[in-house]
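Work through the exercises below with the sequence and the 3D structure at hand. Try each task before reading its solution.

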Amino acid sequence: MRDLTGSELPAWMERVEHDDLPALRSLVNGLRRDQDAVIAGLSSSWSSGQVEGQNTRVKRIRRDGYGRADFDLLRTRILQRS
């Protein structure tokens, strides 16, 4: 994955299908549903890590105020922690 070689994914998937590894076969079946997007993700140098980190942070703040906070308080807490 670090070498950005998404083009090698179909060959790997074929090898997995011929092996006796049911868990990996299940993974391959899931990957086939959106194979073009998976290959693009493995080939791209872009990362969504920063965005995912921010999403996780906001979800944590939201969970902390569950049942007590309205939207205005949630917004204030998110902005204060930025």
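**Exercise 1: Helix 4 and helix 5**

Helix 4 and helix 5 (residues 71–80) pack with their axes 10 Å apart and at an angle of about 135°. The model is a predicted one. Classify the orientation of helix 4 and helix 5 to each other, give the handedness of their crossing, and list the residues that meet.

Solution.

Step 1. Two packed helices are described by the angle between their axes and the distance between the axes. For helix 4 and helix 5 the angle is about 135°.

Step 2. Angles over 145 degrees count as roughly antiparallel, and 65 to 115 as roughly perpendicular. Helix 4 and helix 5 are therefore classed as oblique to each other.

Step 3. The crossing of the two, helix 4 and helix 5, is right-handed.

Step 4. On the side of helix 4, Arg 57, Val 58, Ile 61, Arg 62 and Asp 64 take part, and they meet Leu 74, Arg 77 and Ile 78 in helix 5.

**Exercise 2: Asp 64 and Arg 77**

Place Asp 64 in its helix, decide how exposed Asp 64 is, and find its contacts beyond four places in sequence. Then do the placing and the contacts for Arg 77.

Solution.

Step 1. Asp 64 belongs to helix 4.

Step 2. Buried means under 20% relative accessible area, and exposed means over 50%. Asp 64 has 27% relative accessibility, so Asp 64 counts as partly exposed.

Step 3. With neighbours within four places in sequence left aside, Asp 64 is in contact with Arg 77 and Arg 81.

Step 4. Arg 77 is part of helix 5. With neighbours within four places again left aside, Arg 77 is in contact with Ile 61, Asp 64 and Gly 65.

Step 5. Two C-alpha distances complete the picture. Asp 64 and Leu 74 are 10 residues apart along the chain, and their C-alpha atoms are separated by 9.7 Å. Arg 77 and Arg 15 are 62 residues apart in sequence, and 50 Å apart in space from C-alpha to C-alpha.

**Exercise 3: The buried side of helix 1**

Which residues of helix 1 are buried, and what do they pack against?

Solution.

Step 1. The buried residues in helix 1 are Leu 9, Met 13 and Val 16.

Step 2. These residues are on the same side of helix 1, because they cover an arc of only 60° around the axis.

Step 3. The face turned away from this buried side of helix 1 carries the exposed residues Arg 15 and His 18.

Step 4. Helix 2 and helix 3 (35–43) are what the buried residues of helix 1 pack against.

Step 5. Take Met 13 as an example from helix 1. Its relative accessible area is 0%, so Met 13 is buried. Beyond four places in sequence, Met 13 is in contact with Val 28, Leu 31, Arg 32 and Gln 35.

**Exercise 4: The largest nonpolar core**

How many residues make up the largest nonpolar core, and which helix supplies the largest share?

Solution.

Step 1. The largest nonpolar core has 5 residues, namely Leu 9, Met 13, Val 16, Val 28 and Leu 31.

Step 2. At least two residues of this core come from each of helix 1 (9–18) and helix 2 (22–33).

Step 3. Helix 1 supplies the largest share of this core, 3 residues.

Step 4. Val 16 also has contacts to check: neighbours within four places aside, Val 16 is in contact with Leu 24, Arg 25 and Val 28.

**Exercise 5: Two packings of helix 1**

Describe how helix 1 packs with helix 2 and with helix 3.

Solution.

Step 1. The axes of helix 1 and helix 2 cross at roughly 140° and come within 9 Å. Helix 1 and helix 2 are therefore oblique to each other, and their crossing is left-handed.

Step 2. In this packing Leu 9, Trp 12, Met 13, Glu 14, Val 16 and Glu 17 of helix 1 meet Leu 24, Arg 25, Leu 27, Val 28, Leu 31 and Arg 32 of helix 2.

Step 3. The axes of helix 1 and helix 3 are 10 Å apart, at an angle of about 120°. That makes helix 1 oblique to helix 3. Leu 9, Pro 10 and Met 13 of helix 1 make the contact with Gln 35, Val 38, Ile 39 and Leu 42 of helix 3.

Technical notes
Residues are numbered from 1 along each chain as its sequence is written. This is a predicted model: local features need pLDDT of at least 70, side-chain atom pairs count only at pLDDT 80 or more; totals for chains, interfaces and linings use all residues. Side-chain values use heavy atoms; hydrogens and water are left out. A nonpolar core is a set of buried Ala, Val, Leu, Ile, Met, Phe, Trp, Tyr and Cys residues joined through side-chain atoms within 4.5 Å. Buried means under 20% relative accessible area, exposed over 50%, partly exposed in between (1.4 Å probe, protein chains only). Helices (H or I, at least four residues) and strands (E, at least two) are DSSP runs, numbered from the N terminus. Contact means heavy atoms within 4.5 Å. The arc is that of the directions from the helix axis to the C-beta atoms. Axes are lines fitted to C-alpha atoms, for helices over the stretch in contact, and angles run from 0 to 180 degrees between N-to-C directions. Angles under 35 degrees count as roughly parallel, over 145 as roughly antiparallel, 65 to 115 as roughly perpendicular and the rest as oblique. A crossing is left-handed if the near helix is turned anticlockwise from the far one by less than a right angle, and right-handed if clockwise.
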